[in-house]
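Subject: Structure handover

Hello,

Here is the structure I promised to pass on. Please open it alongside this message; my notes follow below.

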Amino acid sequence: MASQNHDLAAASATTATHKGAKPGSGVTRGFVGKRLQQELMTLMISGDKGISAFPESDNLFKRVGTIHGATGTVYEDLRYKLSLKFPSGYPYNAPTVKFDKWSALYDVRTILLSIQSLLGEPSIDSPLNTYATELWTNPIAFKKYLLETYMKQVTSQEP
């Protein structure tokens, strides 16, 4: 499988070079560029509420994603901005978001929907943040903590 990853990345870079484009640029052709272009179109016409991801400038390998907190969760009315970067071997290599069991079946849409779903239904059996896990059992306290943390982050990012 590793040789396939290498070959796909090399083929994409070679195709881009032949066309006079830089690997990773918006004009990259080949399997990876076509896949990312197709995923962009699928996401745009999907009608999924609360998720979006558009190329940064004209670079299909870098996306600015947005996830809105799902209705009926403590994240409702909150919006999170993500920076998605795809490796040249995508979809066989995972983007910068790490998954335990990466599959080429994942696409930008399913990644964003998975993150949105995890916000509303986190796995608290093996938490990284034990304080948040304790708060999760008390929705009012969790929402208060969440809003305080969210507002600090939003205010620190303002120009």
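Which residues form a nonpolar patch on the surface? They are M41, M44, I45 and F54. Together they have about 440 Å² of accessible area. Helix α2 supplies the largest share of this patch, 3 residues. Bear in mind throughout that this is a predicted model.

M44 is a patch member that lies in helix α2. Is M44 buried or exposed? Neither label fits: its relative accessibility is 49%, so M44 counts as partly exposed. The cut-off for exposed is over 50%.

Now the overall layout. The protein has 5 helices and 3 strands. From the N terminus, the order of elements is α-α-β-β-β-α-α-α. Of its 159 residues, 33% count as buried. The accessible surface comes to about 10300 Å². Carbon and sulfur atoms hold 56% of that surface.

Next, contacts along the chain. Take those between residues at least 6 apart in sequence. Of these, 47% join residues at least 24 apart.

On to the interior. The largest nonpolar core has 24 residues. Y75, V108 and L112 have the most contacts inside it. Seven elements each supply at least two residues of this core: α2 (31-46), β1 (51-56), β2 (59-68), β3 (79-85), α3 (108-120), α4 (130-136) and α5 (139-157). The largest share, 4 residues, comes from α2. Helix α2 thus appears on both counts: it gives the largest share of the core and of the surface patch.

What does Y75 touch, leaving aside residues up to four places away in sequence? Its partners are G69, Y80, L119, G120, W136, F142 and L146.

Two of those partners, L119 and G120, are also buried residues of α3. The others buried in that helix are V108, I111, L112 and Q116. Spacing is worth a thought here. An α-helix has 3.6 residues a turn, so residues three or four places apart point the same way. Cover for the buried residues of α3 includes α2, β1, β2, β3 and α4.

One geometry check on α3. The helix has 13 residues, which at 1.5 Å a residue should span 18 Å. The C-alpha atoms at its ends are 19 Å apart, so the model agrees with that expectation.

If you look at two places, I would pick the α2 patch residues, M44 among them, and the surroundings of Y75 in the core.

Best wishes

Conventions
Residues numbered from 1 in each chain as written. Predicted model: local features only at pLDDT ≥ 70, side-chain atom pairs only at ≥ 80, totals over all residues. Heavy atoms only, no water. Core = buried A, V, L, I, M, F, W, Y, C linked by side-chain atoms within 4.5 Å. Buried < 20%, exposed > 50% of the residue type's maximum accessible area, 1.4 Å probe, protein only. Contact = heavy atoms within 4.5 Å. Patch = residues over 30% accessible without salt bridge, like charges linked within 9 Å, V, L, I, M, F, W, Y side chains within 5 Å. Areas by Shrake-Rupley, 256 points an atom, 1.4 Å probe, with all protein chains shown as cover. Salt bridge = Lys/Arg side-chain N within 4 Å of Asp/Glu carboxyl O. Expected span 1.5 Å × (residues − 1).
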